[in-house]
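Colleague: Could you take me through one part of this model slowly, the strands that pair up in the second chain? I'm new to this, so please explain the terms as you go.

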Amino acid sequence: MGKGFARTMAACVRYSAVAAVALLAGCATHDTGATEVWDPLEVPNRFIFSINQAVDVIAIRPVAVLYRDWMPKPAQRGVHNVVENLGEPVTAINDVVQGNAHQAATSMARFLVNSTIGVAGLFDVASSFGLKKSDNDAGQTIGYYAGVEPENGGFYIMLPLIGPSNARDAVGLVADASIDPFGIAIYSLSGSTAYWIYAGTRYGTTVIDTRTRTMTALDDLERNSVDYYAALRSAYTQRRAELIRQKREKTDSRAELERRDNLALVR
Amino acid sequence: MPSFAPRRTILRLAVGAGTMAVAVSGLVTAASGQASADQSPAAQLIQKTAAEVIELIKAKTGAAREAGIRQVLETDFDLDYMGRSALGTHWNKATPEQRERFLKAAASAEAHAYAERFGQYGGQTLTVGRVTTRANGTSVVDSKLNQSNGEPIAIQWEVRNEGQGPRIVDVKIEGVSMVMTRRSDFNSYIQNHGGKVEPLIDELEARAKH
């Protein structure tokens, strides 16, 4: 990650303004084809789900509530920005693998700007430069190339301490972790102890940040469903499918034009 | 080794779910005017619904608010259609009496849920965008829920006209359909209760009481 890296990023900055335009979320007008999610492991999944729920009630949610109510808002935003910023390189790699150079450029430009001017990612300066945040990961990359309905991510699986996933996204998680430049750098420079400290800290921070931000939505889903496990399974599958659809449509020039028309309308 | 990776999954889920929550409160949002040049009946319906809900939240609280929301749901949403699709294949197996009870209980549950969500209204605005019409006559209205902090949330409204004017039949928040989620939820509950609709209706009725 030496000079070549920096050069790429410099090039990225040029493209990023153009790319930012293309970013607003698309609008899939398809019917979500998924009737029921394939869940052959439902019994063990429900068991793990109940453990996850217990851990959440005892440990994670209370901490998230304290964090939400007592940590000053600007600090919360800062933490969120740092976590997001650390994810930008992996996002950019996935953008590249999906053949979306503009998006990759934007993600790298964001990383460059926020890591420097944004003080190690604490401030999301890039957004105010028009470099819009986007989301990408290896699960989406697999879905992008899989050639099946994006609702079909293989069997559904409830991961301990992580939550809902499926075969596609679980493989994606491992892939993303193994290409994380910070993980690789820390592991090769300082060894495995340092790596686990880094990974653990990052994971813990992410969990609290994410839990805080999803509190309203998850509480709502839980309260207003008769089978929370099933409702969550459906919502997760639909959400992931939507993200993959957007990635697929981005390479479709007609969809892209429509998106711009739409953008013009909205603005 | 991938112990920090979870962040992404959770995040996604979070985004989806968060979206759902916010989106839910999204209904609430004001329709900001300059948005759509497109004044199709479907787009107008969304604007009108948003305006009504906001008005309601500002003017009323508690039981009065819930009753008001219920009324908006009944006039602007096709609750029977939504209930039918949420029950899916089990609809055909239900007796007329069960169907009636189910629709009534489901409507109460929805009204209660929406009233609660709108209680968290924080001044977001709804910008209505493009309207697409599908082959089956359903219009899809794109909109963005603009938040004071953070990214706007994409909300799609499915509008159908069954002869009584356009009505909303589904709300999709960042790709997550309320009806679809409800259907999975109900379907799973029914399967885990001997494949019968009766326990679901009982459960919904019990929940509607408070």
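Modeller: Let's start with a pairing: in chain B, strand β3 and strand β4 (residues 153–161) run antiparallel and are joined by seven bridges. Strands here are DSSP runs of E with at least two residues, helices are runs of H or I with at least four, and both are numbered from the N terminus. Two strands count as paired if DSSP finds at least two bridges between them.

Before we go on, some ground rules. Residues are numbered from 1 along each chain as its sequence is written, while chains are lettered from A and ligands numbered from 1 in the order in which they are written. This is a predicted model, so local features need pLDDT of at least 70 and side-chain atom pairs count only at pLDDT 80 or more, though totals for chains, interfaces and linings use all residues.

Back to the strands. One bridge to look for links K144(B) in β3(B) to A154(B) in β4(B). Six residues sit between these two strands in their hairpin, and there G150(B) takes a positive phi near 100°.

Now turn to the other partner of β3(B). Strand β2 (residues 125–133) of chain B also pairs with β3(B), again in the antiparallel sense and over seven bridges. Here K144(B) shows up once more, as the bridge partner of T127(B). β2(B) and β3(B) make a hairpin too, with five residues between them, and G137(B) in that turn has a positive phi of about 90°.

So how covered is β3(B)? Seven of the eight residues in this strand (residues 139–146) are buried. Buried means that 20 or more other C-beta atoms lie within 10 Å of a residue's own; exposed means 12 or fewer, partly exposed is in between, and the C-beta atoms are placed from the backbone. In a regular strand the side chains alternate between the two faces of the sheet.

A neighbour in contact with these strands is I46(B), which touches V128(B), V141(B), S143(B) and W157(B), leaving out residues up to four places away in sequence. Contact means that the C-beta atoms, placed from the backbone, lie within 7 Å. I46(B) is one of the buried residues of helix α2(B), along with others including A42(B), A50(B) and V53(B). That helix covers residues 41–59 and spans 27 Å from its first C-alpha to its last, close to the 27 Å expected at 1.5 Å a residue; the expected span is 1.5 Å times one less than the number of residues.

I46(B) and V141(B) also have the most contacts inside the largest nonpolar core, which has 66 residues. Such a core is a set of buried Ala, Val, Leu, Ile, Met, Phe, Trp, Tyr and Cys residues joined through C-beta atoms within 7 Å. Helix α6 (residues 96–118) of chain B gives the most to this core, with nine residues.

Stepping back, chain B has eight helices and six strands, and 53% of its 210 residues are buried.

Finally, a word on confidence. The average pLDDT of chain B is 80, with 81% of the residues scoring at least 70; pLDDT is the predictor's confidence in each residue, from 0 to 100. Over residues 20–37 of chain B the pLDDT is below 50. Where pLDDT is low, the predicted coordinates should not be read in detail.

Terms used. Two residues are in contact if their C-beta atoms, placed from the backbone, lie within 7 Å.
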